[in-house]
Amino acid sequence: MVKRRPGTTPTLEEVAALAGVGRGTVSRVINNATGVKESTRRAVQQAIAELGYVPNLAARSLAGRRADAVALAITEKDWRKFGEPFFSEVVRAVGDALADTSVQLLLTLVRSDAERTRFVEYARGGRVDGVLLMSVHAEDPLPDMLADAGLPTVLLGRRSGEEQVTYVDADNAGGARDAVAHLLRGGRRAIGTVTGPLDMYVAQSRLRGYREALTRAGIEPRAAWEAEGDFTEESGYRATAELLARDPGLDAVFAASDTMAAGALTALGAAGRRVPDDVAVIGFDDFRLAQDTAPRLTTVRQPLEEIGRTMVRLLLEEMEQPEVAWRHVILRTRLVVRDSA
C-alpha cells in the first residue's frame with residue numbers, strides 16, 4: 001500500500017510503486033507510447049485512478065517552443081578517461097551528424113546525484129529539446145529521470161539487456177567472439193582478456209563474447225585468464241601484468257579497448273614477450289591509436305560515425321514525435337587484422 005501525507009499531490013513514483021513497475025513505464029503509459037504490455041498498461045491506469053494522479057502537462061504546453069539545441073551528457077566520474085580517444089571520437093561523430101541541421105550541440109558532464117537533479121531541471125526548463133547520453137553505468141538513474149520528465153533521450157550503449165530507453169549500440173559480444181575466434185584460428189589456446197569496468201554493460205557484453213568463443217572451441221574459460229580494467233592504458237598495463245603473473249604460458253590477450261591493448265603491449269614488452277611471436281594481442285574500437293602502436297594493433301572496429309548519425313537521427317525523430325516508442329539499434333562490428341595478431 002502506498003502511504004502519502006494528507007494534502008499532498010500524488011507523484012509518479014507513487015503510481016509506479018502501486019502498479020509495481022518503473023517510473024519510465026508509467027511515463028510511457030501516460031504518453032500512450034507503444035511497447036507496453038496490455039496487462040502492465042491496465043495496472044498503471046488502475047493505479048492512476050486509485051491515487052487520483054494528474055500528469056503534469058506543463059512541459060507539453062511548451063511544445064510549440066523549441067530551443068534548437070540538444071545536450072550530449074557524459075556521466076563518467078573518472079577525469080582520466082576524458083583523455084581517451086573514445087570521448088573525442090563520439091563528440092566528433094555527433095557534431096558531424098548535426099552539422100547540416102540548425103540544432104546546437106551542448107556538451108555537459110553529469111557525475112553526481114546533485115548534478116543529475118540540476119541537469120534534469122535545466123533540461124526541463126526548455127533549454128534543450130533532447131538529450132544524448134554516453135558512458136552510462138548500470139545503476140545510473142539519469143535516463144529514467146529524463147524519461148519521466150518527458151525529454152526525448154537516446155543512449156550510446158545501454159545499462160542492461162532490459163534497457164527501456166532508446167539506445168544505439170555496437171554488437172559488442174559478436175565483436176569479441178570474432179576477435180577470439182581469430183586468435184583460436186591462429187593456434188592460440190591460452191587466451192587472456194582485459195575487461196572494461198564490469199558495472200558497464202558494454203564490458204559485460206565483450207566478456208560474454210570472449211567466453212562464448214572459448215566455449216565453442218572446447219576451451220573452458222578460466223577466472224585466472226580474466227582481469228578487469230577501466231578502459232585506460234594504465235589499467236591495460238596493470239591487468240596484463242596480472243594475467244602474466246597468474247599464467248606465464250599465456251599466448252594471447254584480448255583487450256576490451258584499444259587503449260587497454262596499448263597498455264598490454266607495453267606490459268608484454270616489459271616482461272620480455274614478443275608480439276605477436278610469443279603473445280598475440282587484439283583490441284576493440286579501431287581508433288587512430290591502433291595504427292600508431294608497435295606493432296600495429298589488430299582490433300575490432302565499431303562504427304562510431306554510424307553510431308553518432310543514428311543517435312542523432314533517432315533523437316530528432318523523437319523530438320518531432322514524442323509519443324514514439326523507444327527503439328533499440330545494434331550495429332555490426334568488423335575485425336581489422338594488422339600486425340599484433
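Visitor: Which residues of α5 are buried?
Guide: Phe 87, Val 90, Ala 93, Val 94 and Leu 98 are the buried ones. Buried means under 20% relative accessible area, exposed is over 50% and partly exposed is in between, using a 1.4 Å probe and protein chains only. This is a predicted model, where local features need pLDDT of at least 70 and side-chain atom pairs count only at pLDDT 80 or more, while totals for chains, interfaces and linings use all residues. Residues are numbered from 1 along each chain as its sequence is written, and side-chain values use heavy atoms, with hydrogens and water left out.

Visitor: Why do those buried residues sit on the same side of α5?
Guide: They cover an arc of only 135 degrees around the axis, which puts them on the same side of α5. The arc is taken from the directions running from the helix axis to the C-beta atoms.

Visitor: What covers them?
Guide: The cover includes strands β1 (69-74), β2 (104-109), β3 (130-134) and β4 (153-156), plus helix α13 (304-320). Helices here are DSSP runs of H or I with at least four residues, strands are runs of E with at least two, and both are numbered from the N terminus.

Visitor: And how many residues does α5 have?
Guide: Helix α5 covers residues 85-98, so 14 residues, and reaches 20 Å from first C-alpha to last, close to the 20 Å expected at 1.5 Å a residue. That expected span is 1.5 Å times one less than the number of residues.

Visitor: Switching to empty space: how many cavities of 30 Å³ or more are there?
Guide: The structure holds 1. The largest cavity has a volume of about 390 Å³. On a 1 Å grid over the protein atoms alone, a cavity is a set of points where a 1.4 Å probe fits but cannot get out; a pocket is an open set with protein on both sides within 12 Å along at least five of seven lines; and lining residues have an atom within 4 Å of a point. Points are joined across faces, edges and corners, and the volume is the space filled by probe spheres set on them.

Visitor: Which residues are closest to the centre of that cavity?
Guide: Of the 25 lining residues, Phe 86, Ser 135, Met 200, Val 202 and Phe 231 are the closest to its centre. The elements that give two or more residues to the lining are α5 and α9 (201-216). By class, the lining has 11 nonpolar, 6 polar and 8 charged residues. Nonpolar covers Ala, Val, Leu, Ile, Met, Phe, Trp, Tyr, Cys and Pro, charged covers Asp, Glu, Lys and Arg, and the others, Gly among them, count as polar.

Visitor: Where is Ser 135?
Guide: Ser 135 is in the loop between β3 and α7. Its phi is near 65 degrees, a positive value in a residue other than glycine. Ser 135 is also buried, with a relative accessible area of 8%.

Visitor: What about the second largest pocket, what volume does it have?
Guide: About 180 Å³. Its lining has 3 nonpolar, 1 polar and 7 charged residues. Among the lining residues are Glu 89, Arg 92, Asp 286, Arg 288, Arg 301 and Glu 305. Here α5 and α13 are the elements that give two or more residues.

Visitor: Asp 286: buried or exposed?
Guide: Asp 286 counts as buried, at 14% relative accessibility. The residue lies in the loop between β9 and α12, and has a positive phi of about 65 degrees although it is not a glycine.

Visitor: Which peptide bonds are cis?
Guide: The bond from Val 275 to Pro 276 is cis, with omega near 10 degrees. Another cis bond joins Ala 294 and Pro 295, with omega about -5 degrees. Pro 276 is in the loop between α11 (258-270) and β9 (280-285), and Pro 295 is in the loop between α12 (289-292) and β10 (298-301).

Visitor: Last one: what is Arg 116 in contact with?
Guide: Leaving aside neighbours within four places in sequence, Arg 116 contacts Val 110, Asp 140, Pro 141, Leu 142 and Met 145, where contact means heavy atoms within 4.5 Å. Arg 116 is found in helix α6 (residues 113-127), and counts as buried at 11% relative accessibility.
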